[in-house]
Each structure stands twice: as structure tokens, then as C-alpha cells.
Amino acid sequence: MNRITARKRVTRITVGTSRSVREDLLAVEEPLEIRVGGSSLAITMRTPGNDVDLAAGFLVSEGVIARGDDFLAARYCAGATEEGLNTYNVLDVTLAPGVPAPDPSLERAFYTTSSCGLCGKASIDAVRTTSQHAVLHDDLVLDPALLATFPDLLRDQQAVFEKTGGLHAAALFDGRTGRMLVLREDVGRHNAVDKVIGWAVKDGRLPLTGTVLMVSGRASFELTQKASMAGIPVLAAVSAPSSLAVDLANEVGITIVGFLRGQSMVVYSRPERIVEPDTTTDSSSDRETVNAR
């Protein structure tokens with residue numbers, strides 16, 4: 001299934017200079033219906049690819065599952081159309097024995113657009129979801145010089161963005177070594193994050209202690225909540241966070257870093273996690289050694 005990009009005929013105009021017709025490569029956007037045990041839970045607009053990751057991450061974000069053992073299997077539904085065709089746009093998830101089915105209140109009244117991961121929530125109260133993975137006492141401490149390398153690493157691995165210029169990206173980093181663990185792209189920033197979390201579900205890594213979630217856009221409330229649900233202590237973004245994202249981060253103990261560009265950044269919550277190495281002790285020891293000689 002290779003539907004990540006599509007060629008479309010476009011007209012390219014340079015003001016006062018030229019006008020030409022050509023083919024351009026665009027990121028694909030299609031609906032994905034997520035079912036659990038045969039019952040429809042939500043429809044989200046997404047870029048096809050890593051759909052099982054997306055479904056698993058979505059279920060974590062909604063509080064349906066909390067660990068890899070809760071997720072048993074997923075399959076595309078044959079006969080998704082009246083003609084009995086498999087469109088690869090309907091995915092049915094099977095939960096592990098003993099895992100409760102989603103609460104009926106979670107069912108989305110309408111589809112989730114690629115720009116909104118909270119659309120279709122039945123009430124304001126349903127927006128807030130309680131995490132089973134507390135990050136308040138996560139002891140991760142990050143060197144800002146290491147953190148500053150993440151945006152370039154993210155951009156270097158955005159293969160589809162490089163072709164289309166039309167996708168968001170999310171990546172998970174080991175906060176102590178700086179190693180990128182996984183990267184996912186999607187037309188929806190919330191989908192990209194769900195795909196990252198879903199990868200961790202399938203790999204049995206939840207909760208994601210000691211990690212950093214790096215996103216290519218802004219740090220919204222929904223992304224902060226998703227980080228909280230997966231046990232991620234640090235959310236970093238190249239743009240600004242929203243006020244509600246910062247409020248939630250302060251409440252649950254997440255460090256939000258915004259405007260992470262070049263060697264500069266702005267820390268909006270839990271700044272004690274972002275600390276430059278203390279070289280004072282080493283310098284003093286060196287001086288003492290010199291004096292002793």
C-alpha cells in the first residue's frame with residue numbers, strides 16, 4: 001500500500017515572469033475509521049501508513065489502553081464497501097482479554113480532521129483524560145546543547161516532507177543519549193504523535209520515561225495531553241505552545257520547550273529539567289591540582 005504521496009497537475013506562477021503547468025507531488029489525506037471489537041470508535045483524517053501505530057496511539061490518548069499488553073491485534077476490514085472491497089481505510093482493533101471496551105461516551109459524533117485531534121468530543125469534560133503514567137517525578141535532566149540538536153535531526157529524517165512540503169512530523173528521543181528512537185509523519189500533527197506513541201505500544205515501551213517528544217509545529221493542549229497519557233516528561237516544539245498546553249503541563253509535571261531553533265529555546269514549564277552541565281566543580285579541582293604541584 002503506497003498511498004503516502006500522489007501526483008497532481010498544478011499551475012506554477014512567478015509574478016511578472018512565467019506561468020507553467022506541471023505535475024507536483026502532494027501528501028495524501030484519507031479517512032481512517034478506527035473500530036474496537038467491531039464497533040466504530042472514531043474516524044480521523046490521516047496520511048496512510050503506520051495505521052496500526054496510529055490506532056494504538058489513539059487508544060492510549062483516549063485512555064482505552066495504557067500498555068502494550070492491552071493491545072492484542074489489528075486488521076484492515078475486508079468488505080469495507082458495498083462492493084465488498086478492502087479500502088484499507090477501516091481498521092478493527094482487538095483488545096487483550098480482560099481489557100474493558102471503550103466507554104460509549106468516547107465515541108466521536110463526527111470525524112476528526114487532520115488539524116484537530118479533539119474534534120467530535122461529546123463534551124468539554126471529555127477533553128480531559130487522566131493518565132495512568134505520572135511524569136511529575138520523572139528524574140530526566142537535559143543538557144540544552146543536546147536538546148538543541150533535535151530539530152535538525154527531525155528535519156533530516158522527514159522523507160515525505162522533503163518531497164511534498166505538506167506533512168507534520170513527531171519524533172521520540174532518548175533524553176539521556178539524544179538518540180532518535182522513532183519518527184512518524186502525517187498531515188495531522190496529532191496523528192504523527194499518535195503514530196509515535198503507537199510504535200511504543202507495539203514495542204512494549206510504555207510508560208516512556210526519560211524521553212523527549214519533538215514536534216515540527218506548535219505545542220498544543222492535545223499534544224501535551226497525549227504526552228501525558230504516554231508518560232513522556234518533555235515536549236519540545238519549534239513553535240510556541242498554547243496557554244492551555246502550559247497550564248496542563250504545569251499541572252501534570254511536563255516540561256514544555258518552545259521556539260527550539262538553533263541554539264535558543266524558551267522553557268515554559270518545569271525548567272529544572274533543562275540544565276547546562278555544571279563545570280564549576282571540575283574547574284576548582286583543576287586549580288587545586290595545579291596549586292598542589
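Trainee: How many salt bridges does this structure have, and what makes a pair count as one?

Mentor: The count comes to 9 salt bridges in this predicted model. A pair counts because a side-chain nitrogen of Lys or Arg lies within 4 Å of a carboxyl oxygen of Asp or Glu.

Trainee: Why is the pair of Arg35 and Glu33 called a salt bridge?

Mentor: The side chains of Arg35 and Glu33 meet at 3.1 Å, N to O. The limit is 4 Å, so the pair qualifies.

Trainee: Is Glu33 buried or exposed, and how do you know?

Mentor: Glu33 has a relative accessible area of 15%. Buried means under 20%, so Glu33 is called buried. Its partner Arg35 stands at 24% and therefore counts as partly exposed.

Trainee: What makes Arg176 and Asp139 a salt bridge?

Mentor: Their side chains meet at 2.8 Å, N to O, and the limit of 4 Å is therefore satisfied. This pair links distant parts of the chain, with their positions 37 residues apart in the numbering: Arg176 is in the loop between strand E7 (168–174) and strand E8 (180–186), and Asp139 is in the loop between E6 and H2.

Trainee: Why is Arg176 called exposed?

Mentor: Exposed means over 50%, and Arg176 has a relative accessible area of 51%, so the term applies. Asp139, at 59%, counts as exposed by that cut-off too.

Trainee: Which label does Glu272 receive, and which residue does its side chain meet?

Mentor: The side chain of Glu272 meets that of Arg270 in a salt bridge of 2.2 Å, N to O. At 43% relative accessibility, Glu272 counts as partly exposed, because the value falls between 20% and 50%. Elsewhere, salt bridges that share partners join Asp53, Arg184 and Lys202 into one network.

Trainee: Asp138 is buried; why is it not assigned a salt bridge?

Mentor: The nearest side chain of opposite charge, Arg176, is 4.8 Å away. A salt bridge must be within 4 Å, so Asp138 has none.

Trainee: Where is Asp138, and what does it touch?

Mentor: Asp138 lies in the loop between strand E6 (90–95) and helix H2 (144–147). Not counting residues up to four places away in sequence, Asp138 touches Thr209, Gly210, Pro233 and Arg273. The side chain of Asp138 also reaches the backbone nitrogen of Leu140 at 3.0 Å.

Trainee: Why is E7 described as largely enclosed by the rest of the structure?

Mentor: Of the 7 residues of E7, 5 are buried, so the description follows.

Trainee: How do you know that E7 is paired with E8 and with E9?

Mentor: E7 and E8 are joined by 6 bridges in the antiparallel sense, while E7 and strand E9 (residues 211–215) are joined by 5, also antiparallel. Pairing needs at least two bridges, so both cases qualify. Ala170 has Arg184 in E8 as its bridge partner, and Ala171 has Met214 in E9. In the hairpin of E7 and E8, with 5 residues between the strands, Gly178 takes a positive phi near 80°.

Trainee: What makes E4 and E5 edge strands of their sheet?

Mentor: That sheet is open, has 4 strands in the order E4-E3-E6-E5, and shows mixed pairing. Strand E4 (39–46) and strand E5 (71–76) are the edges, as each pairs on one side only. Neighbouring strands of this sheet are turned by 25° against each other on average, direction ignored.

Trainee: How do you know that E5 pairs with E6?

Mentor: E5 and E6 run antiparallel and are joined by 5 bridges; at least two are needed, so they pair. Within this pairing, Phe71 stands opposite Leu95 in E6.

Note on methods
Residues are numbered from 1 along each chain as its sequence is written. This is a predicted model: local features need pLDDT of at least 70, side-chain atom pairs count only at pLDDT 80 or more; totals for chains, interfaces and linings use all residues. Side-chain values use heavy atoms; hydrogens and water are left out. Buried means under 20% relative accessible area, exposed over 50%, partly exposed in between (1.4 Å probe, protein chains only). Lys and Arg count as positive and Asp and Glu as negative; His and the chain ends are not counted. A polar contact is a pair of N or O atoms within 3.5 Å; within protein, one must be able to donate a hydrogen and the other to accept it, and residues adjacent in sequence count only if both atoms are side-chain atoms. Contact means heavy atoms within 4.5 Å. Axes are lines fitted to C-alpha atoms, for helices over the stretch in contact, and angles run from 0 to 180 degrees between N-to-C directions.
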